[in-house]
Amino acid sequence: MTYTRDPSSVTRKELAPGVTLRPMWGEQIMMSVVEMAPNSVVPMHTHSNEQAGLVLQGEFDFTIGGETTRMRQGDAYIIPSGVEHGLVASDGWSMALDIF
């Protein structure tokens, strides 16, 4: 069994136009490196999992539970199960680490 991962070798999956993720998971946890092209949009959605994350690069407007916040490098977020959320990227590239 391999306990380490090289995120650059993980196959990217398109989440929305201009938004890709590189998911890595174990038995009860998943994390994804999320890359957002300038002005890309992740539509509002919900899911049963809690979600936490950290902005690694750039900035984006993140709407969580009806409240919009400009997220910048170093900012963190925690989204409870079932809370609607989505984002709009700024005019530069952005990257975040999502944990479920």
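This report describes the pockets, salt bridges and selected surface features of a predicted model.

## The largest pocket

The largest pocket holds about 310 Å³ of space. Its lining is made up of 21 residues, and those nearest the centre of the pocket are L15, H45, Q51, D98 and F100. By character, the lining of the largest pocket comprises 14 nonpolar residues, six polar residues and one charged residue.

Several strands contribute to this lining. At least two residues each come from β1 (13-16), β3, β4 (41-45), β6 (59-64), β9 (85-89) and β10 (94-99). Strand β3 gives the most to the lining of the largest pocket, supplying four residues.

## The second largest pocket

The second largest pocket contains about 240 Å³ of space. Its lining consists of M1, T2, Y3, R5, M24, W25, G26, E27, I29, M30 and M31. Two elements, β2 (19-25) and β3, give two or more residues to the lining of the second largest pocket. This lining divides into seven nonpolar, two polar and two charged residues.

## A nonpolar surface patch

I29, M31 and I99 together make a nonpolar surface patch of about 250 Å². Of these residues, I29 and M31 are also in the lining of the second largest pocket. M31 is located in strand β3, which covers residues 30-36. With a relative accessibility of 35%, M31 counts as partly exposed, because that value falls between the limits of 20% for buried and 50% for exposed residues.

## Salt bridges around E35

Side chains of opposite charge can pair when their charged atoms come close. In this model, the count of salt bridges comes to five. One of them joins the side chains of E35 and R12, with an N to O distance of 2.7 Å. Since E35 belongs to strand β3 and R12 to the segment before β1, this pair ties together parts of the chain that are 23 residues apart in sequence. The two partners have the following accessibilities: E35 is buried, at 12% relative accessibility, whereas R12 is partly exposed, at 46%.

E35 also forms a salt bridge with R22, in which the closest N and O atoms are 3.2 Å apart. Here E35 in strand β3 is paired with R22 in strand β2, so the bridge ties together parts that are 13 residues apart in sequence. Both E35 and R22 are buried.

## A network of salt bridges

A further salt bridge is formed by the side chains of E59 and R72, at 3.5 Å from N to O. This pair links distant parts of the chain, with E59 in strand β6 and R72 in strand β7 (residues 67-72), 13 residues apart. E59 is partly exposed, at 24% relative accessibility, and R72 is likewise partly exposed, at 43%.

The pair of E59 and R72 also belongs to a wider arrangement: a network of salt bridges links E59, D61, R70 and R72.

## Backbone at N39

Most residues other than glycine have a negative phi. N39, which is not a glycine, has a positive phi near 65 degrees. This residue is placed in the loop between β3 and β4. N39 counts as exposed because its relative accessible area of 53% is over the limit of 50%.

Definitions and conventions: Residues are numbered from 1 along each chain as its sequence is written. This is a predicted model: local features need pLDDT of at least 70, side-chain atom pairs count only at pLDDT 80 or more; totals for chains, interfaces and linings use all residues. Side-chain values use heavy atoms; hydrogens and water are left out. Patches are made of residues with over 30% relative accessible area and no salt bridge: like charges are joined within 9 Å, nonpolar side chains (Val, Leu, Ile, Met, Phe, Trp, Tyr) within 5 Å. Accessible areas come from the Shrake-Rupley method with a 1.4 Å probe; for residues, only the protein chains shown count as cover. A salt bridge is a side-chain nitrogen of Lys or Arg within 4 Å of a carboxyl oxygen of Asp or Glu. Buried means under 20% relative accessible area, exposed over 50%, partly exposed in between (1.4 Å probe, protein chains only). On a 1 Å grid over the protein atoms alone, a cavity is a set of points where a 1.4 Å probe fits but cannot get out, and a pocket is an open set with protein on both sides within 12 Å along at least five of seven lines; lining residues have an atom within 4 Å of a point. Grid points are joined across faces, edges and corners, and a volume is the space filled by probe spheres set on the points. Ala, Val, Leu, Ile, Met, Phe, Trp, Tyr, Cys and Pro count as nonpolar, Asp, Glu, Lys and Arg as charged, and the others, Gly among them, as polar.
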